[in-house]
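Trainee: Please take one helix of this model and go through it closely, then place it among the other parts that can be described.

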Amino acid sequence: MGNKKIYNGVIDWWKLVFCTVILIMHVGEFFNEGFYLFEHGGYAVEFFFIVSGYFMCAHAMKQEPSAGLRNIGRENIKFISGKIKTVLPAYIYAWLLAFAMYIYKTGIDVLKNDGVRAFVLKIVYALPNLLLLDMGGIKGTEILGVSWYVSAMLIVMFITYPMLRKWGRNYCLIAAPLIALLLSGFYSSRFGAYEGRYFWTGIMHHGLLRGFVSINIGCFAYEVSVFLKDKTDPGGVKRTLICLAEPAAYISALALMHFGDDRALNIINILLLIGVSVTMSGRSFFASICDNGVCRFMGRLSLWVYFCQSPARMFVLKRFPDCSYKRAFVLIFGLTALLTAVGMGMHALISKRKNGGKI
């Protein structure tokens with residue numbers, strides 16, 4: 001009992017916080033009245049990229065080094081497949097809802113104004129979005145807009161994971177921070193500020209570039225978290241300062257998402273590096289408090305909320321295009337909660353049947 005491993009539910013708490021920030025930002029983006037909360041809340045996606053990079057690194061470090069790279073192709077596909085399986089239930093559920101809303105909101109007008117051929121092409125051209133190929137540069141009909149993050153994450157991981165397996169900690173300590181720094185510097189010096197996830201940088205879409213930057217920051221965060229865990233005593237002044245750095249970094253990042261401007265992205269990445277490193281080191285003040293099933297649930301909930309906000313927003317835009325910011329806020333939050341509850345409930349029932357009645 002004394003050796004019971006503490007579940008790090010702190011990261012799940014922050015997942016829900018940053019997911020909510022993204023939802024709040026999207027409400028204001030479409031229904032603002034000159035001012036809205038978290039105008040740059042889209043940068044909260046960087047938190048999820050960094051966390052994904054950390055977990056990818058942690059997975060790679062657990063693999064048997066003596067196995068070599070003879071089967072790295074198969075191992076890489078297995079790793080990416082596991083990631084897809086994790087998001088697939090929530091993604092397919094939300095995509096189908098968004099597809100129905102697309103037909104209701106746009107497709108019917110295309111059919112009436114442009115004919116059957118244009119309508120069918122719009123549906124066929126939605127295939128890249130369904131297959132999460134958005135950030136690969138394949139253009140098509142955008143159905144579920146928030147899927148760009150998963151597309152970028154999978155592409156970056158598919159490229160990065162074999163290098164992690166080959167060079168291990170050397171990649172995390174040398175290549176990862178260097179890649180993040182050079183790509184951030186390239187974008188900042190050439191373009192200055194954020195231009196949109198589909199903006200072409202000359203080498204890739206900006207959304208994919210953000211993925212490369214932040215996921216590599218996540219790899220570096222893995223090494224920082226290991227250092228903090230190994231070199232920091234459970235008590236003392238150092239531990240206190242490190243613990244205080246975690247909420248300070250997250251709160252500062254959130255403040256920049258509200259009060260900052262388009263140039264805040266790189267500073268937010270630095271703050272999130274600090275926050276995630278402390279959180280994943282287990283040195284957080286909140287580690288023991290968040291060792292429970294509620295936090296585990298919050299982690300799962302954040303994924304469903306992230307996807308379900310899109311069809312909820314599409315519905316409100318169609319039915320109440322001129323409603324006020326406050327009303328849109330209530331409607332989108334309420335509908336997102338409803339869609340999330342239904343989706344998670346359906347998934348739980350299906351999983352229960354597959355497991356012979358055991359969840």
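What follows is one connected answer, starting from the helix and moving outward.

Mentor: This is a predicted model, in which local features need pLDDT of at least 70 and side-chain atom pairs count only at pLDDT 80 or more, while totals for chains, interfaces and linings use all residues. Residues are numbered from 1 along each chain as its sequence is written, and side-chain values use heavy atoms, with hydrogens and water left out.

The helix is H11, residues 293-319. Helices here are DSSP runs of H or I with at least four residues, numbered from the N terminus. H11 has 27 residues and should span 39 Å at 1.5 Å a residue; its end C-alpha atoms are 37 Å apart, which agrees. The expected span is 1.5 Å times one less than the number of residues.

At the start of H11, asparagine 292 places a side-chain oxygen within 3.1 Å of the backbone nitrogen of valine 294. That pair is a polar contact (N or O atoms within 3.5 Å; within protein, one able to donate a hydrogen and the other to accept it, with residues adjacent in sequence counted only if both atoms are side-chain atoms).

Further along, H11 has a kink of about 30 degrees at cysteine 308, shortly before proline 311. The bend at a residue is the angle between axes fitted to the seven residues ending there and the seven starting there. The kinked residue, cysteine 308, is buried, with a relative accessible area of 0%. Buried means under 20% relative accessible area, exposed over 50%, and partly exposed in between (1.4 Å probe, protein chains only).

Next, the cysteines. The structure holds zero disulfides, a disulfide being a pair of cysteine sulfur atoms within 2.5 Å. Cysteine 308 is in none, since its nearest cysteine sulfur, that of cysteine 19, is 9.7 Å away. Cysteine 172 has its closest cysteine sulfur in cysteine 57, at 3.0 Å, which is too far for a bond. Cysteine 172 is also buried, at a relative accessible area of 0%.

H11 also takes part in a pocket. The second largest pocket has a volume of about 620 Å³. Of its 29 lining residues, the closest to its centre are His26, Glu29, Phe30, Arg197 and Arg313. H1, helix H3 (72-114) and H11 each supply at least two residues of that lining. A pocket is found on a 1 Å grid over the protein atoms alone, as an open set of points where a 1.4 Å probe fits, with protein on both sides within 12 Å along at least five of seven lines; lining residues have an atom within 4 Å of a point. Grid points are joined across faces, edges and corners, and the volume is the space filled by probe spheres set on the points.

Before H11 in the chain is H10, residues 265-281, whose 17 residues reach 24 Å from first to last C-alpha, close to the 24 Å expected at 1.5 Å a residue. Because 13 of these 17 residues are buried, H10 is largely enclosed by the rest of the structure. Glycine 282 follows H10 and has a positive phi, near 85 degrees.

Positive phi also turns up away from glycine. Most residues other than glycine have a negative phi. Phenylalanine 38 has phi near 50 degrees and lies in the loop between helix H1 (10-31) and helix H2 (45-62); at 18% relative accessibility phenylalanine 38 counts as buried. Leucine 132 has a phi of about 60 degrees and sits in the loop between H5 and H6, where leucine 132 counts as buried at 10% relative accessibility.

Helix H12, residues 325-354, contains threonine 340. Its side chain reaches the backbone oxygen of threonine 336 at 2.7 Å, and threonine 340 is buried at 2% relative accessibility. Histidine 347 is in H12 too, but counts as partly exposed at 34% relative accessibility. The C-alpha atoms of histidine 347 and leucine 303 are separated by 13 Å, with their positions 44 residues apart along the chain.

Finally, helix H8 (residues 206-231) holds glycine 211, which is buried, with a relative accessible area of 0%. Glycine 211 and valine 156 are 55 residues apart along the chain, and their C-alpha atoms are separated by 6.5 Å.
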